[in-house]
Every structure is written in C-alpha cells, then in structure tokens.
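Let's take a walk through this protein together, one sheet and one core at a time. Have the sequence and the 3D view open as you read.

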Amino acid sequence: MIDNFSDNEARDRFELDVDGTIAFVTYRKSPGAITLVHTEVPPELGGRGVGSKLGRATLDAVRAQGRKLSVECDFIRNYMTKHAEYSDLLADGEATKMDAATYKAGCFCGAVEVEVTGTPVFAGYCHCGDCQAWSAAPINAFSLWKSDHVRITKGEGEIGTFHKTENSYRKFCKVCGGHIMTDHPRMRLIDVYANLLKGYTHQPTLHANYGSKTVSVKDGLPKYRDLPAELGGSGETLPD
C-alpha cells in the first residue's frame, strides 16, 4: 500500500494525502462486502496522476480486507476496465454491470440526445488543426467508441453532418449548432465529445496530433506527432 493512504472508517472513505490535500473514494460497507460510491480528486492535484494512485490503492485495500466489491463510481469503473487484474474482486453479477455502463450526451439546446454503452476504445486529447477550427478551442477531449455502442435516442432528424475529408464526419444540431460527435468511418469508431457525456469520467491515455499543438501540456502522457499506429498513424512520439 502506498504511503499516506488510509481507510478513514469514521468518514466512510479511503483517503490519499498529497502534501496536505486529500483525495478520496467514499464507500458503503457491509459484512464481507463494499460498494465504492464516489471518487473526488481536488482540482489542485490535477495532472499529477493522483487519481490513478488513489484507484490502485483503494482496490488493493479492498483486496487486503477480503471484501466482495460493487462499483457505483464511474472513475473506479473506468479504472478497472484498464486494469483487469482487479476483476476478481467483483461480486457476482457486477462484471456484467461494468460492461453495460451507459452514458448520455446532448447538444446545447437539448434537441438531440446520444447514448453510449460500455467503455471507449481510446480516450485522450486531440490537437489537430481541424479539431481546433471545429471546436474554436486549442484542444478537443475525445472518447472513441465502437460504432455499435453509440445510439441516437432523440432528434435524429435534427442532426447535420459536415465532412471536410473522408476521415471525419462531424455531427451537429441543426437547431442550436451545438457539436455532438464525429464519425470516423475508416477507424469504425465514433468520437462522442467527452465533456458532453454526463457521469462519464474522462481518463485520457494519450495526446494525438501533438505536432499541430498550439498549447503545450506537460502531463506525462504519450504525445503522438499524428496518431498511434493502432489508429493508422505513424506512432511517432514527441517530447512532453
């Protein structure tokens, strides 16, 4: 167990003390079982990998206590999808619930709604010129989902599409102009913009098209000049 981590039973939470600032995971305990409810990492600890350290320490503590685990917390759920070594902690039936996690997104006015199920194939930040122009922002927080895991639940007739290239079909609401998602048919993936997904905890693993950046981000994540090889890019990385 890492230093400065503790089980604060008086407050029903696991705590990680980072230079006097507390990040924590709240829980509910019962005999032989535990439910992880919510993770909170204060903004001042962002970009330091604190969330991952807290998630790992929390799951190690659950293992050490010999409890069967249920998960309501999206952050822990997402962490566990990337760390299969903790899947044996789950109580019966919990693995199915983990796979079926659902998140909803909508446009600016609410005329269009989208639902995604499961976990994204890739999550990160894109710095390409097209994303910068499309979003009027230096960075796009992307979450790439398998096409059959994305469903339009409202306002399909209100969705407009623009494609500058055959790689990206950008979807927007024709009522308010709000951006919704980008279909990448050659990758067979759809980017539902991470900041629109309610209840979803964005856990970026890379920076894409960092060769086109207008803002430098020193967060320790891999910085690809264009795209990872798995997404059809060169796989070449750049300094942090």
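How many bridges pair strand 7 with strand 10, and in which sense do the two strands run? The model here is a predicted one, and in it strand 7 (residues 113–117) and strand 10 pair in the antiparallel sense, over four bridges. If you would like a residue pair to click on, take Val 116, whose bridge partner in strand 10 is Val 150.

These two strands belong to an open sheet of three strands, ordered 6-7-10, with antiparallel pairing. Strand 6 (102–106) and strand 10 (150–154) stand at its edges; each has a single partner strand, so one side of each is left without a neighbour in the sheet. On average, neighbouring strands of this sheet are turned by 25° against each other, direction ignored.

Now move to another sheet. Five strands make up this open sheet, in the order 1-2-3-4-5, and here the pairing is mixed. The edge positions are taken by strand 1 (5–8) and strand 5, each with a single partner strand, so one side of each lacks a neighbour in the sheet. Neighbouring strands of this sheet are turned against each other by 30° on average, direction ignored. For a parallel pair, look at strand 4 and strand 5, which are joined by four bridges. Ala 33 is a good place to start, as it stands opposite Lys 68 in strand 5.

While you are at strand 5, pause at Ser 70, which has its place in that strand. Ser 70 touches Ile 34, Thr 35, Leu 36, Ala 91 and Glu 94, leaving aside residues up to four places away in sequence. Of these contacts, Ala 91 is 21 residues from Ser 70 along the chain, and the C-alpha atoms of the two are separated by 6.1 Å.

Next, bring the helices into view. Helix 1 lies across strand 1, strand 2, strand 3, strand 4 and strand 5, and runs at about 140° to strand 2. Helix 2 lies across strand 3, strand 4 and strand 5, running at about 115° to strand 5.

How do these two helices meet? Two packed helices are described by the angle between their axes and the distance between the axes. The axes of helix 1 and helix 2 come within 10 Å and cross at roughly 85°. The two helices are therefore roughly perpendicular to each other, since angles of 65 to 115 degrees count as such. On the helix 1 side, the contact is made by Gly 51, Ser 52, Gly 55, Arg 56 and Leu 59, and on the helix 2 side by Phe 75, Ile 76, Tyr 79 and Met 80. By class, that contact has five nonpolar, three polar and one charged residues.

In soluble globular proteins, nonpolar side chains tend to be buried together. The largest nonpolar core here has 26 residues, and Phe 14, Leu 36, Leu 59, Leu 69, Ile 76 and Met 80 touch the most other members. At least two residues of this core come from each of strand 2 (13–18), strand 3 (21–30), strand 4 (33–40), helix 1 (50–65), strand 5 (68–71) and helix 2 (74–81). Helix 1 gives the most, with six residues. To see this core from one side chain, centre the view on Leu 36: its contacts include Phe 14, Val 25, Tyr 27, Leu 59, Leu 69, Val 71 and Ile 76. A second, separate core has 21 residues, among them Tyr 103, Ala 105, Ala 123 and Ile 180.

One more strand pair deserves a stop. Strand 11 (residues 159–165) and strand 12 (residues 168–173) pair in the antiparallel sense over five bridges, and a hairpin joins the one to the other through two residues. Ile 159 stands opposite Cys 173 in strand 12.

Let's finish in the loops. Most residues other than glycine have a negative phi, and most peptide bonds are trans. Asp 19 has a positive phi, near 55°, and is found in the loop between strand 2 and strand 3. Ala 136 also has a positive phi, of about 55°, although it is not a glycine, and its loop runs between helix 4 (129–135) and strand 9 (140–146). Are these two residues buried or exposed? Asp 19 counts as exposed because its relative accessibility is 69%, and Ala 136 is exposed with a relative accessible area of 72%.

Methods. Residues numbered from 1 in each chain as written. Predicted model: local features only at pLDDT ≥ 70, side-chain atom pairs only at ≥ 80, totals over all residues. Heavy atoms only, no water. Core = buried A, V, L, I, M, F, W, Y, C linked by side-chain atoms within 4.5 Å. Buried < 20%, exposed > 50% of the residue type's maximum accessible area, 1.4 Å probe, protein only. Contact = heavy atoms within 4.5 Å. Pairing = 2+ DSSP bridges. Axes fitted to C-alpha atoms, helices over the stretch in contact; angles between N-to-C directions. Parallel < 35°, antiparallel > 145°, perpendicular 65-115°, else oblique. Nonpolar A, V, L, I, M, F, W, Y, C, P; charged D, E, K, R; others polar.
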